[in-house]
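This report goes through one protein model, taking its sheet, the surroundings of its ligand and its backbone geometry in turn.

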Amino acid sequence: MMNPLDARYPFFESARTAVETAEISLPELVSRGAPAVERGRERVQRALLEGTVRPETDDVDPETELLSYPIARILVSLLDSTAAIDKYAAAEASTAIERIREDVAREDDLRSTQTTNLDLDDVLAEFDLADDVQPDDRSHQGHGEQWYRIDVGAYLSLSSSSWGREWRLVARELDEGEVRITGADLFELLETAIRDRIAAGLPFDLPREEGLGAELEPQVTDLRGLLSDRTRVHDIDVVAPELFPPCLRNLIDKAERGTELSSVEGFSLMAFLAGIGMSADEIVAFCADTSLEVETLRYQLEYLRDESGSQYPPPSCETLSAYGICHNEDDHWKVASHPLAYYETRVEEVDSDAITDWRATTNA
Ligand code: SF4
């Protein structure tokens with residue numbers, strides 16, 4: 001019988017062994033269109049657009065969930081983009097560490113009844129850290145928070161100087177080759193260990209024209225459609241919601257009614273608002289009183305824009321139509337093939353004195 005933990009942590013050795021011993025053929029899964037293929041595509045899509053790999057619905061059976069992981073790895077390899085692999089690995093690691101936090105907390109609560117079966121020692125052993133990390137005995141002399149001691153070599157390999165001053169060794173208590181860290185620090189370090197394991201071996205070297213590469217072409221094309229190359233979008237820089245294209249107005253209406261947006265809908269809306277020059281604070285203010293959560297918004301916006309100011313543009317009209325987001329109201333595909341181009345045209349058509357920038361009506 002399958003261990004349910006394998007579906008939650010498909011990158012654990014036990015999960016890999018389970019897939020190997022079941023002698024499951026990935027090409028066969030793909031050619032018969034098994035549910036794991038669609039879930040694998042969703043896994044990559046949510047990783048790239050939202051930074052999570054959790055399924056959108058809770059009814060995915062554990063076997064599908066487990067098998068979606070090797071499929072996702074193949075798909076992200078076929079995307080042939082280092083940035084996509086980095087984002088994918090980071091999203092897998094972020095979701096996994098959230099789950100580990102949940103499972104370890106539950107295990108602590110229920111230690112006496114032993115109804116869950118993942119504790120911190122299991123996780124440390126999984127990443128060969130059992131000898132490198134020990135609980136710090138002095139924890140209980142303070143305010144009850146559990147501290148740990150980690151071997152300095154492991155600390156240095158799992159942390160990064162780019163994380164800020166508090167992670168530098170000089171800012172840490174170092175004693176006999178061990179660094180004192182909090183429980184929260186330990187989870188951050190474990191997240192790196194998970195990310196490194198996920199990224200290891202990616203991308204697979206797969207020909208795109210034959211075999212799995214050819215069979216998965218539709219899924220890869222879908223994902224590519226969502227993630228056109230990062231480009232510097234035109235400097236529109238005026239926020240006139242009444243001139244937004246209908247696809248975006250529909251999404252805003254939907255979110256204002258409190259309906260949750262799908263990952264593609266949320267991404268399209270965020271990429272559009274960022275694409276017309278709105279800052280993260282402005283977008284958060286603009287989306288107040290909608291179903292969109294501030295934390296998710298900020299996370300997604302960070303994903304969209306990089307330091308150079310270039311960003312993912314929203315998907316094209318063709319892609320939005322394929323996802324059922326565009327209904328081609330008023331036949332306006334004739335106006336432009338991209339929502340940003342459509343908006344730019346509308347802004348140019350209207351007398352600038354007649355436009356009130358939304359930013360002038362708010363304190364954002
Ligand atoms: S044609 Fe393009 S801009 Fe117009 S509603 Fe459809 S997706 Fe939006």
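## The sheet and the helix across it

Which strands does helix α9 lie across, and at what angle does α9 run to β4? In this predicted model, α9, which spans residues 183-199, lies across β1, β2 and β4, and its direction is at about 105° to that of β4.

The sheet itself is open and is built from four strands in the order β1-β2-β4-β3, with antiparallel pairing. Its edges are formed by β1 (133-135) and β3 (174-175), each of which pairs on one side only. Between β2 (residues 147-151) and β4 (residues 178-182) the antiparallel pairing extends over five bridges, and Arg149 stands opposite Arg180 in β4.

## Surroundings of the ligand

The ligand occupies the space of the largest cavity, where it is surrounded by Pro245, Pro246, Cys247, Cys317, Leu320, Cys326, His332, Trp333 and Pro339. By class, this shell consists of eight nonpolar residues and one polar residue, with no charged residue. Two helices, α12 (246-256) and α16 (317-322), each contribute at least two residues to the shell.

## Backbone geometry in two loops

Most residues other than glycine have a negative phi, and most peptide bonds are trans. Two places in the model can be read against that background. The peptide bond from Leu202 to Pro203 is cis, with omega near -5°, and Pro203 is located in the loop between α9 and α10 (211-215). Glu23, although not a glycine, has a positive phi of about 50°; Glu23 belongs to the loop that lies between α2 (13-21) and α3 (26-31).

Note on methods:
Residues are numbered from 1 along each chain as its sequence is written. This is a predicted model: local features need pLDDT of at least 70, side-chain atom pairs count only at pLDDT 80 or more; totals for chains, interfaces and linings use all residues. Side-chain values use heavy atoms; hydrogens and water are left out. A residue is near a molecule or strand if one of its heavy atoms lies within 4 Å of it. On a 1 Å grid over the protein atoms alone, a cavity is a set of points where a 1.4 Å probe fits but cannot get out, and a pocket is an open set with protein on both sides within 12 Å along at least five of seven lines; lining residues have an atom within 4 Å of a point. A molecule sits in a cavity or pocket if more than half of its atoms lie within 2 Å of its grid points. Ala, Val, Leu, Ile, Met, Phe, Trp, Tyr, Cys and Pro count as nonpolar, Asp, Glu, Lys and Arg as charged, and the others, Gly among them, as polar. Two strands pair if DSSP finds at least two bridges between them. Contact means heavy atoms within 4.5 Å. Axes are lines fitted to C-alpha atoms, for helices over the stretch in contact, and angles run from 0 to 180 degrees between N-to-C directions.
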